[in-house]
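Please open the structure in your viewer and keep the sequence panel beside it. This tour moves from one selection to the next and says what can be found at each stop.

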Amino acid sequence: MPEGDTVWQAARRLHDALAGKVLARSDFRVPQYATVDLAGRTVLGTVPRGKHLLTRFEGDLTLHTHLRMEGAWKVFRTGEPWRGGPAFQIRVVLSTADRTAVGYRLQVVELLRTGEEDRAVGHLGPDLLGPDWNPDRALANLLADPARPLGEALLDQRNLAGIGNVYKSELCFLIGATPWLPVGALPADRAAHLPGLAQRLLEANRDRPVRRTTGLRNQDLFVYGRASRPCLRCGTRVRLADQGDGSRERPTYWCPACQTGPAPGSPPVRGTRPTN
């Protein structure tokens with residue numbers, strides 16, 4: 001599942017393969033850009049912004065892509081067979097003399113002026129893996145709506161950019177709160193700890209092929225994907241329910257013993273964040 005760390009890896013692969021090279025061919029397989037030809041332009045580089053990818057070309061032009069749930073960028077050597085899905089799932093092809101980048105199942109494909117990138121990503125909060133990371137601002141954003149469930153607030157990219165459904169569940173476990181606990185009910189010390197913890201998790205995983213949050217051998221994640229299995233800390237069975245993020249319901253995992261707060265079927269927690 002693409003989250004901030006995997007998008008960072010995708011950006012690095014694209015940058016390493018294309019940056020500083022002249023495009024020999026481009027192929028946009030989306031109706032809006034079907035006639036666009038970028039051949040002859042030099043690729044300046046690719047940078048991540050939260051879960052977004054910005055590939056910049058000479059001439060003040062940027063390709064903005066988003067992987068969403070199933071998208072992927074694959075890089076191949078010239079002449080190498082493409083592997084990433086059937087041809088009808090290809091949305092963009094960018095080729096240089098020795099490398100070809102193929103975008104499969106990309107949910108967002110947009111060409112815009114580099115000077116207008118904020119039109120696509122300006123709404124995002126501080127990037128957990130970016131140069132603009134600011135934990136104080138991220139915390140203020142999270143606490144701006146104290147009644148909002150913690151899991152929803154973490155997924156809102158306007159608060160902080162890069163967290164997806166896996167990190168949402170894992171972060172809530174690590175701070176001992178259910179994803180349905182109102183942000184304002186989170187004890188002040190745990191709230192203050194949350195942005196830094198999120199940043200450290202993504203930073204630790206951005207160079208790993210397999211995402212890990214536990215530090216345990218042969219156990220990569222504490223709760224995500226472990227429904228009905230014993231909690232790695234207390235042995236209680238991990239539970240699963242859906243939680244919305246403002247756009248769709250997402251599978252959410254938690255330990256009812258290690259994490260305090262409401263859960264589906266329990267009374268709501270009311271009040272604001274304690275001062276101690």
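Is Asp-156 buried or exposed? Before answering, please keep in mind that the model on your screen is a predicted one. Select Asp-156 and display the surface around the residue: Asp-156 is buried, because its relative accessible area is 9% and the cut-off for buried is under 20%. Now add Arg-158 to the selection, and you will find that the side chains of Arg-158 and Asp-156 meet in a salt bridge, with 2.8 Å from N to O. Arg-158, for its part, is exposed, with a relative accessible area of 51%.

**Further salt bridges**

The structure contains 16 salt bridges, and a few of them are worth selecting one after another. Begin with Glu-117 and Arg-56, whose side chains form a salt bridge with an N to O distance of 2.8 Å. This pair links distant parts of the chain, since Glu-117 lies in the loop between strand E8 (108-113) and helix H2 (118-121), while Arg-56 belongs to strand E3 (residues 52-57), 61 residues apart. If you colour the residues by accessibility, Glu-117 counts as buried at 9% relative accessibility, whereas Arg-56 is partly exposed, with a relative accessible area of 28%.

Next select Arg-25 together with Asp-27, where the two side chains meet in a salt bridge of 3.3 Å, N to O. Arg-25 is partly exposed, and its relative accessible area is 36%. Finally, select Arg-12, Glu-203, Arg-206 and Asp-207 as one group, because here you can follow a network of salt bridges that links the four residues.

**Helix H1 and the sheet beside it**

Select residues 4-18, which make up helix H1. This helix has 15 residues and reaches 21 Å from its first C-alpha to its last, close to the 21 Å expected at 1.5 Å a residue. Show the side chains of H1 and look for the buried residues, among them Val-7, Trp-8, Leu-14 and Leu-18. Just after H1, select Gly-20, which takes a positive phi of about 85°.

Now bring the sheet into view: an open sheet of 4 strands, in the order E2-E3-E4-E8, with antiparallel pairing. Strand E2 (43-49) and E8 stand at the edges, and each has a single partner strand, so one side of each is left without a neighbour in the sheet. On average, and with direction ignored, neighbouring strands of this sheet are turned by 20° against each other. E2 and E3 pair in the antiparallel sense over 6 bridges, and if you select Thr-46 you will see that Thr-55 in E3 stands opposite. With the helix shown again, you can see that H1 packs on the sheet, where H1 touches E2 and E3, and that the direction of H1 makes about 175° with that of E2.

**Glu-110 in strand E8**

Move to the edge strand E8 and select Glu-110, which has its place in this strand. Glu-110 is buried, with a relative accessible area of 18%. Which residue does the side chain of Glu-110 join in a polar contact of 3.2 Å? Select Arg-119, and you will find that the side chains of Glu-110 and Arg-119 make this contact. Leaving aside its neighbours within four places in sequence, Glu-110 is also in contact with other residues, including Tyr-33, Thr-62, Leu-63 and His-64.

**Helix H5 and Cys-172**

For the last stop, select helix H5 (residues 165-174), where Cys-172 is found. In this helix 9 of the 10 residues are buried, so H5 is largely enclosed by the rest of the structure. To see what surrounds the helix, show H1, helix H4 (150-155), helix H6 (188-205), strand E9 (239-244) and strand E10 (249-254), against which the buried residues of H5 pack.

Then centre the view on Cys-172, which is buried with a relative accessible area of 0%. If residues up to four places away in sequence are not counted, Cys-172 touches Leu-150, Leu-154, Ala-177, Pro-179 and Gln-259. As a distance to check in the viewer, the C-alpha atoms of Cys-172 and Leu-216 are separated by 18 Å, and the two residues are 44 residues apart along the chain. End the tour at Gly-176, just after H5, which takes a positive phi of about 75°.

Note on methods
Residues are numbered from 1 along each chain as its sequence is written. This is a predicted model: local features need pLDDT of at least 70, side-chain atom pairs count only at pLDDT 80 or more; totals for chains, interfaces and linings use all residues. Side-chain values use heavy atoms; hydrogens and water are left out. Buried means under 20% relative accessible area, exposed over 50%, partly exposed in between (1.4 Å probe, protein chains only). Helices (H or I, at least four residues) and strands (E, at least two) are DSSP runs, numbered from the N terminus. Contact means heavy atoms within 4.5 Å. The expected span of a helix is 1.5 Å times one less than its number of residues. Two strands pair if DSSP finds at least two bridges between them. Axes are lines fitted to C-alpha atoms, for helices over the stretch in contact, and angles run from 0 to 180 degrees between N-to-C directions. A polar contact is a pair of N or O atoms within 3.5 Å; within protein, one must be able to donate a hydrogen and the other to accept it, and residues adjacent in sequence count only if both atoms are side-chain atoms.
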